[in-house]
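User: I'd like a close look at one helix in this protein and what sits around it. Could you walk me through it, and then place it in the rest of the chain?

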Amino acid sequence: MVIDTLVVHRHYRLIRIIGEGGMGKVWLAEDMHDGRMVAVKQLHPALASDPVKVRRFEREATLLRKLDHPNIVKVYAFFEERSRFYLVMRLVPGGSLYDLIRRAGPLPVPVVRRVGIDLCGALECAHRLGVIHRDIKPENILLTEDGDPVLTDFGLARFKIGTALTEQGAIVGSLSHVSPEECRGQRADERSDIWSLGVTLYETLTGVAPFERPTLMTTVGAIVREPLPPFERYRRDVPPELAAAVRGMLEKDPDKRISDAPAAAEALRRVPASPAPEAPSDEPGDHDGDDDAGGMLRRLYRRLSRGDRCP
C-alpha cells in the first residue's frame, strides 16, 4: 500500500505500510536526518484511548531499549504525536521465519540448528535482564538480508518481577505456542519461553505447529495432555541429537524441561554441524516461482558453508 508521504516527529518520512496486525501497522520509513531506512510501528488509532494498550506499547519500547543483542530488534525512539503513538525500530528486510516456512517448506537441519542457537542467545540476553517474551513464534522472528534471525514484538513481554498488563490467569500469546503451565493459568517464566522456542523449532523442521488443533479447547488439551508427534511423521532426516534437544524443550512439566537458554543452546550445539546442503540453483524456474524464498535460502546456505556465526 502506497499513500501520500507523511512526516512524523519532524524527520521520519513514512513511505508505505509493510505490516499490519491487531495492535496497529508497521511502516517503511526514512530517517531524514541521516537517510537511514527504519521501521516505524504505529499503535492503531482506535487503541490510543485505551490506557492498557498504550502502556503495553510503551513497555515494549522500554524493554527493547534495555536489550542490546544482534538477534533482538533494536529500538531507536518512542514518541507520541497528535494522540498517536509510534515506535521506531531497526528495519529487518528479509521477511519473517513464518513467511519463509510457508514459501519454502520445512527448512534444512543445519539452518534450523543455526537459527535455534542464535535465538537462544537472544533469549539468554532477555532472561538475564528479567524479561520474559511470552509470544515466541515464527511470525515474530524476522530475518535479515543475510538470514540472521531477529526476535521482535515484545508487546506481550513483561519483567519477571513486575506488574502484569494482562488479567491474572489469562492466556497471552499465540495459543499454539503457549506452554502447558500458562494454559493452566500459571505465571510464565524463562521455561515458558523455552517451550515456545521448542514449538517454533519443531514448526521450522516440519512446517507444522505440533499442538495446533481446530478449536481453542482442543488446542489447550493437546498442549497439556497429548504427546509430541514424532518427527518421522513429517521427515526422516532429523538427527537424534536435534530431536532430543527439541523434545527437551517440550517437556510438559517445566521442572523436567530444559531450564534455560544456555542449556538449550548447548543441546543444539551437540547436533552434528553437518555440511550445509547445496544451495538452491540460481537458474530460473528452480524455485517454483518464489524468488524471495529461494534467495533467502541461498543466502542462508552460503553463510553456513562459510561457517558464519554458529560453531
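The part in question is helix α8, and the answer below starts there and works outwards.

Analyst: Happy to. One thing up front: this is a predicted model.

Helix α8 runs over residues 261–269, and its buried residues are Ala261, Ala264, Ala265, Ala267 and Leu268. Those five span an arc of only 160° around the axis, which puts them on the same side of α8. If you want the background, an α-helix has 3.6 residues a turn, so residues three or four places apart point the same way.

What lies over that side? The cover for the buried residues of α8 includes α3 (109–128), α5 (190–206) and α7 (240–249). At the start of the helix, look at Asp260: one of its side-chain oxygens comes to within 2.9 Å of the backbone nitrogen of Ala263.

Now zoom in on Leu268. Setting aside neighbours within four places in sequence, Leu268 is in contact with Arg113, Gly116, Ile117, Cys120, Leu201, Leu242, Ala245 and Met249. Leu268 also shows up among the residues with the most contacts inside the largest nonpolar core, together with Phe154, Leu242 and Met249. That core has 70 residues, and α3 is its top contributor, with 11 of them. There is also a second, separate core of 12 residues, with Ile17, Ala29, Val40 and Tyr86 among them. As a general point, nonpolar side chains in soluble globular proteins tend to be buried together.

Stepping back to the whole chain: it has 9 helices and 10 strands. Of its 311 residues, 53% count as buried. Take the contacts between residues at least 6 apart in sequence, and 63% of them join residues at least 24 apart. The chain exposes about 14600 Å², with carbon and sulfur atoms supplying 48% of that.

For another helix to set beside α8, try α2 (residues 97–104). Its buried residues are Leu97, Leu100 and Ile101. Seen down the axis of α2, they fall within an arc of 100°, so they line one face of the helix. Right after α2 comes Gly105, with a positive phi near 85°.

The strands are worth a look too. β2 (12–21) and β3 (24–31) pair in the antiparallel sense over 8 bridges. They make a hairpin with 2 residues between them, and Glu20 stands opposite Lys25 in β3. Just ahead of that hairpin, His9 is in the loop between β1 (2–8) and β2. His9 has a phi near 55°, a positive value in a residue other than glycine, and it is partly exposed, with a relative accessible area of 24%.

Asp31, in β3, is a polar residue to check by eye. Is Asp31 buried or exposed? Asp31 is buried: its relative accessible area is 5%, and the cut-off for buried is under 20%. Its side chain has a polar contact of 2.9 Å with the side chain of His11. Leaving out neighbours within four places in sequence, the contacts of Asp31 are His11, Tyr12 and Arg36.

Then there's a second hairpin, formed by β5 (75–81) and β6 (84–90). These strands pair in the antiparallel sense over 6 bridges, with Glu80 opposite Phe85 in β6. There are 2 residues between the strands, and Arg82 in the turn has a positive phi of about 50°. Ser83 lies in the loop between β5 and β6, and its phi is also positive, near 65°. As for β5 itself, the strand is mostly covered, with 5 of its 7 residues buried.

One last stop is Ser176, in the loop between β10 (158–159) and α4 (180–183). Ser176 is buried, at a relative accessible area of 11%. Its side chain has a polar contact of 2.8 Å with the side chain of His177. Beyond four places in sequence, Ser176 is in contact with Val199, Ala209, Glu212, Thr219 and Ile223.

So, back to where we started: α8 has its buried residues on one side, covered by elements including α3, α5 and α7, and Leu268 is one of the residues with the most contacts inside the largest nonpolar core.

Definitions and conventions. Residues numbered from 1 in each chain as written. Predicted model: local features only at pLDDT ≥ 70, side-chain atom pairs only at ≥ 80, totals over all residues. Heavy atoms only, no water. Buried < 20%, exposed > 50% of the residue type's maximum accessible area, 1.4 Å probe, protein only. Helix = DSSP H or I, 4+ residues; strand = E, 2+ residues; numbered from the N terminus. Arc of directions from axis to C-beta. Contact = heavy atoms within 4.5 Å. Polar contact = N/O pair within 3.5 Å; in protein donor to acceptor, adjacent residues only side chain to side chain. Areas by Shrake-Rupley, 256 points an atom, 1.4 Å probe, with all protein chains shown as cover. Pairing = 2+ DSSP bridges. Core = buried A, V, L, I, M, F, W, Y, C linked by side-chain atoms within 4.5 Å.
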